[in-house]
2 protein chains.
Amino acid sequence: MDSRKVPQNIGIVALDFYFPQQYVNQTELEKYDKAQAGKYTIGLGQTNMAFVGDREDIYSICLTVLKNLLEKFNINPADVGRLEVGTETILDKAKSVKTVLMDLFKECGNTNIDGVDTINACYGGTNALFNAVQWIESSYWDGRYAIVIAGDIAIYAEGPARPTGGVGACALLIGPNAPIVMDLGIRGTHMENVYDFYKPNLDSEYPIVDGKLSADCYLRAVDRCYAAYAEKFEKKLGRKMSIEAVDYVIFHAPYNKLVQKSIARLSYNDMLRDPESSKFAPISKFKDLGLGEKSYSNADLEKALGEFSKPAYNAKVAPTTHLPKNLGNSYCGALYAGLISLIAEVEDGLIGKRVLMFSYGSGLAASMFSFVVTSSVKNIANKVDLKGRLARRIKVAPEQYIQTLQVREKMHHNLKDYTPTEPLNLPPGTYYLTKIDAKTRRSYARTPSATQARL
Amino acid sequence: MDSRKVPQNIGIVALDFYFPQQYVNQTELEKYDKAQAGKYTIGLGQTNMAFVGDREDIYSICLTVLKNLLEKFNINPADVGRLEVGTETILDKAKSVKTVLMDLFKECGNTNIDGVDTINACYGGTNALFNAVQWIESSYWDGRYAIVIAGDIAIYAEGPARPTGGVGACALLIGPNAPIVMDLGIRGTHMENVYDFYKPNLDSEYPIVDGKLSADCYLRAVDRCYAAYAEKFEKKLGRKMSIEAVDYVIFHAPYNKLVQKSIARLSYNDMLRDPESSKFAPISKFKDLGLGEKSYSNADLEKALGEFSKPAYNAKVAPTTHLPKNLGNSYCGALYAGLISLIAEVEDGLIGKRVLMFSYGSGLAASMFSFVVTSSVKNIANKVDLKGRLARRIKVAPEQYIQTLQVREKMHHNLKDYTPTEPLNLPPGTYYLTKIDAKTRRSYARTPSATQARL
């Protein structure tokens with residue numbers, strides 16, 4: 001073994017999150033779809049859903065969030081040594097989104113930037129984050145920042161999954177001396193070959209989804225990742241892991257109801273790990289069910305766990321749900337939408353607090369990991385301005401949402417010679433598609449940024 | 001800065017390379033295509049081209065090479081802690097190839113395996129290799145192996161690019177105490193946003209290619225990566241970088257002619273870095289051309305460089321070209337086809353030798369890095385049995401190759417309910433597709449392995 005110096009407090013130095021200007025309300029969508037009242041708002045636990053028309057695509061939303069991160073936090077593009085993108089919104093089988101983002105480094109002449117795209121459903125962003133942290137820990141780190149972009153455009157064919165769409169992209173600035181510090185060496189991963197949600201129809205933006213199977217796979221991944229994480233946590237930190245050992249828990253959020261079930265599932269795991277403890281009395285009668293398949297769909301267990309874990313949900317999870325509930329599922333971005341919600345909600349109340357993260361991508365790939373907030377995140381909260389930007393969004397009617405999806409489908413099948421037709425309803429500093437040329441190459445422009453507008 | 005112990009001699013512990021049983025001869029293809037004699041064999045520098053029909057796909061070839069690696073080198077699947085796939089042969093926008101490979105870990109119950117797929121044209125495998133090495137250097141390494149799978153099925157629409165197809169997949173076992181040791185901390189990367197080769201038509205297996213642009217981009221990436229690599233090399237090792245400082249050079253090989261141009265280009269860079277040296281007298285008159293665009297297509301320069309660099313090509317590059325010339329372009333696998341060629345050719349003559357690697361993926365992402373061989377690779381050479389396996393391949397006529405491409409196109413457009421029709425012309429231990437079901441899920445079986453056959 002060699003001895004090597006590694007930098008301290010590696011983690012998230014800054015972040016930004018982009019979401020579109022327009023959204024549809026889930027209560028209105030229930031009425032429009034002639035669904036039972038509460039099906040989307042209580043059944044799924046969702047409030048609003050963001051969407052984009054033909055002015056935005058995966059390249060534009062990634063350009064937007066990256067450029068805004070660099071501007072808001074005054075990052076010199078020359079100081080970036082790694083940039084990796086996690087997404088499942090694929091416009092090209094070979095060319096990575098990362099290469100399109102290199103345009104933002106052109107002016108400063110920085111082309112020596114490691115990392116390309118990484119893909120597995122909603123898990124790509126987390127894989128990119130792990131790679132970025134490991135790069136900083138490695139002999140290849142040259143003192144510069146890494147940036148992770150995690151985002152998607154999630155839309156579904158007509159049917160029960162449609163209200164679980166969404167759009168968003170996160171940019172994480174990764175480096176040493178970060179306020180949000182990764183718990184190095186502590187991670188639990190679970191991967192399997194399953195077909196719960198997948199996109200074999202390459203010509204369409206819509207996935208194939210088996211909702212019931214996917215929820216079961218998700219909960220099984222929660223169990224397995226938690227066991228592997230707890231083992232590492234206990235070995236590294238020398239104390240018992242349970243949800244009491246962490247202050248907040250952020251789950252990948254396809255829809256909020258599954259997040260509620262997941263914190264309940266962690267409580268269930270805690271009980272199974274310590275069944276004789278009196279604090280688990282209300283749920284200890286289920287201990288013989290174990291973690292088997294039957295435990296995913298036992299109505300009595302679900303009800304008892306829901307009640308038992310409500311205080312934990314309210315204290316540790318609810319503060320992480322605002323953006324996911326109001327945006328919908330942003331796939332690779334969804335977990336980090338939870339993180340930015342937490343920062344906006346708790347601000348410097350986070351100092352000294354540990355945040356457990358659960359990332360899930362269908363197919364499946366899942367990991368559990370954690371951060372400790374060691375210094376102020378107020379500057380991040382201010383610059384992201386989550387609540388201000390959410391308040392400035394524009395609600396549109398379900399009819400218009402459906403029309404926009406039709407425009408989008410048409411666009412998706414016009415690989416070349418396409419000019420967007422929708423009005424420029426975009427927030428400041430947003431990239432938008434201007435043209436797809438005869439060789440399918442895409443061009444972009446940008447609305448004036450908030451910073452520029454203030455000049 | 002914290003101090004940490006890191007393991008020694010991280011690199012390639014073992015490897016295997018899978019290529020299909022059938023190939024077409026480039027001289028015969030020239031005749032069939034009514035192309036000028038020598039157009040493919042001298043103009044492109046290629047000898048034979050491998051291809052697959054409807055029995056094999058990206059999942060099957062990755063399953064094959066991974067399973068063969070585990071079997072040949074007696075690796076317990078429980079001892080693998082990371083598995084990452086680099087490919088641009090996309091069958092699903094969300095589900096990673098990695099998740100399909102998890103089936104090979106099912107029996108031993110190992111699901112805690114980090115890493116998913118990583119994508120940028122032919123560069124994905126190299127990105128996966130970097131991530132694997134950095135994982136072993138990081139706090140997250142738990143003593144287990146990483147495996148990198150890099151492979152593709154490269155086929156083209158009718159036209160000048162068709163003879164530059166190929167198929168192959170490499171599996172690299174990464175760990176400490178390796179015979180093929182990475183030069184830690186020494187790497188030069190160059191990335192840009194260009195459209196030289198890309199696959200925006202998601203419904204087709206064929207790319208869009210601008211051959212001239214792509215060759216220019218490749219040579220520019222050689223220049224830029226070499227400059228960045230040399231800077232790190234000189235800083236870390238304290239001596240001058242030039243091609244004399246390394247024993248072998250392996251280039252990503254779309255076709256051999258570009259490899260010949262690339263070693264010439266390195267000589268040109270060496271001259272520009274030291275124009276007064278008498279050893280560069282035959283080419284120093286070109287020094288004012290510099291590295292600009294005109295230098296990529298100057299016929300006088302190309303001729304002079306070709307002659308000047310011939311000894312370097314013969315000594316340092318030719319021993320790395322056998323498999324790429326006889327296989328064609330295996331995209332993500334191509335660079336590692338060069339490595340296995342070198343091991344088969346030089347065997348333990350490699351001990352103490354430094355190997356420079358240049359990886360290029362269109363779009364573009366490129367890196368230069370290196371290995372030093374520190375102990376015997378004879379066991380690897382024996383188990384891979386490159387020459388024996390190449391000799392057992394079956395040559396088929398161009399007519400049959402074209403027919404097979406048609407079957408493949410039909411298969412590619414039959415997402416569901418498809419049963420392969422081609423005969424099972426497969427080497428021992430090869431996975432093959434048995435069925436695509438109504439939900440587009442794919443099933444596989446395996447021919448008896450060489451190991452099994454010997455029992």
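Two strands count as paired here if DSSP finds at least two bridges between them. Keep that cut-off handy for the exercises below, and remember that this is a predicted model.

**Exercise 1. Pairing in a small sheet of chain A**

Task: Decide how β3 and β4 of chain A are joined, and work out which strands stand at the edges of their sheet.

Solution:
- Step 1. Count the bridges: there are three between β3(A), residues 22-25, and β4(A). The cut-off is at least two bridges, so β3(A) and β4(A) pair, and they run antiparallel.
- Step 2. Pin the register with a residue pair. Y23(A) has A50(A) as its bridge partner in β4(A).
- Step 3. Put the strands in order. The sheet is open, has three strands in the order β4-β3-β16 (chain A), and its pairing is mixed.
- Step 4. Read off the edges. β4 (48-50) and β16 (394-396) of chain A each have a single partner strand, so one side of each lacks a neighbour in the sheet.
- Step 5. Add the twist: on average, neighbouring strands of this sheet are turned by 40 degrees against each other, direction ignored.

**Exercise 2. The sheet in chain B**

Task: Describe the open sheet that holds β3 and β4 of chain B.

Solution:
- Step 1. The strand order is β4-β3-β16 (chain B), three strands with mixed pairing.
- Step 2. At the edges are β4 (48-50) and β16 (394-396) of chain B, each pairing on one side only.
- Step 3. From one strand to the next, the twist averages 40 degrees.
- Step 4. For the link between β3(B), residues 22-25, and β4(B), count three bridges in an antiparallel arrangement. Here V24(B) sits opposite M49(B).

**Exercise 3. How chain A is packed**

Task: Does the radius of gyration of chain A agree or disagree with that of a compact globule?

Solution:
- Step 1. Take stock of the parts: chain A has 15 helices and 18 strands.
- Step 2. Get the expected value. For 455 residues, a compact globule would come out near 23 Å.
- Step 3. Compare. Chain A has 21 Å, which agrees.
- Step 4. Look at the extents: the C-alpha trace of chain A spans about 65 × 65 × 40 Å along its principal axes.
- Step 5. Check burial and contacts. Buried residues account for 57% of the 455 in chain A. Among contacts with a separation of 6 or more in chain A, 74% link residues 24 or more positions apart.

**Exercise 4. Relating the two chains**

Task: What symmetry relates chain B to chain A?

Solution:
- Step 1. Superpose. A turn of 180 degrees and a shift of 0.0 Å along the axis lay chain B on chain A with an RMSD of 0.0 Å.
- Step 2. Name it: that is the relation of a two-fold axis.
- Step 3. Find the residue of chain B that comes closest to the rotation axis. It's T118(B), whose C-alpha is at 2.1 Å.
- Step 4. See what happens around there. β6(A), residues 117-119, and β6(B) pair in the antiparallel sense over three bridges, and T118(A) stands opposite T118(B).

**Exercise 5. The contact between the chains**

Task: Break down the side of chain B that touches chain A by element and by residue class.

Solution:
- Step 1. Start with the totals: 71 residues from chain B and 71 residues from chain A take part.
- Step 2. List contributors. Elements giving two or more residues to the chain B side include β1 (2-6), β6 (117-119) and α6 (211-237). The largest share, seven residues, comes from α5(B).
- Step 3. Sort by class: the chain B side has 29 nonpolar, 23 polar and 19 charged residues.
- Step 4. Zoom in on Y195(B), in the loop between β10 and β11 of chain B. Y195(B) touches K439(A) and R441(A). With 22 other C-beta atoms within 10 Å, Y195(B) is buried.

**Exercise 6. An enclosed strand**

Task: Why can β14 of chain B be called largely enclosed by the rest of the structure?

Solution:
- Step 1. Count burial: seven of the eight residues of β14(B), 354-361, are buried, so the strand is largely enclosed.
- Step 2. Find its partners. β13(B), residues 248-251, joins β14(B) through four bridges and runs parallel to it, with I250(B) partnered by M357(B). Eight bridges join β14(B) to β15(B), residues 365-373, antiparallel, and L356(B) stands opposite S370(B).
- Step 3. Inspect the turn. The hairpin of β14(B) and β15(B) has three residues between the strands, and G363(B) takes a positive phi near 120 degrees.

Definitions and conventions
Residues numbered from 1 in each chain as written. Chains lettered and ligands numbered in written order. Predicted model: local features only at pLDDT ≥ 70, side-chain atom pairs only at ≥ 80, totals over all residues. Axes fitted to C-alpha atoms, helices over the stretch in contact; angles between N-to-C directions. Contact = placed C-beta atoms within 7 Å. Nonpolar A, V, L, I, M, F, W, Y, C, P; charged D, E, K, R; others polar. Least-squares fit on C-alpha atoms with pLDDT ≥ 70 in both. Rg over C-alpha atoms; globule rule 2.2 N^0.38 Å. Buried ≥ 20, exposed ≤ 12 C-beta atoms within 10 Å, placed from the backbone. Lists of a residue's contacts leave out its neighbours within four places in sequence.
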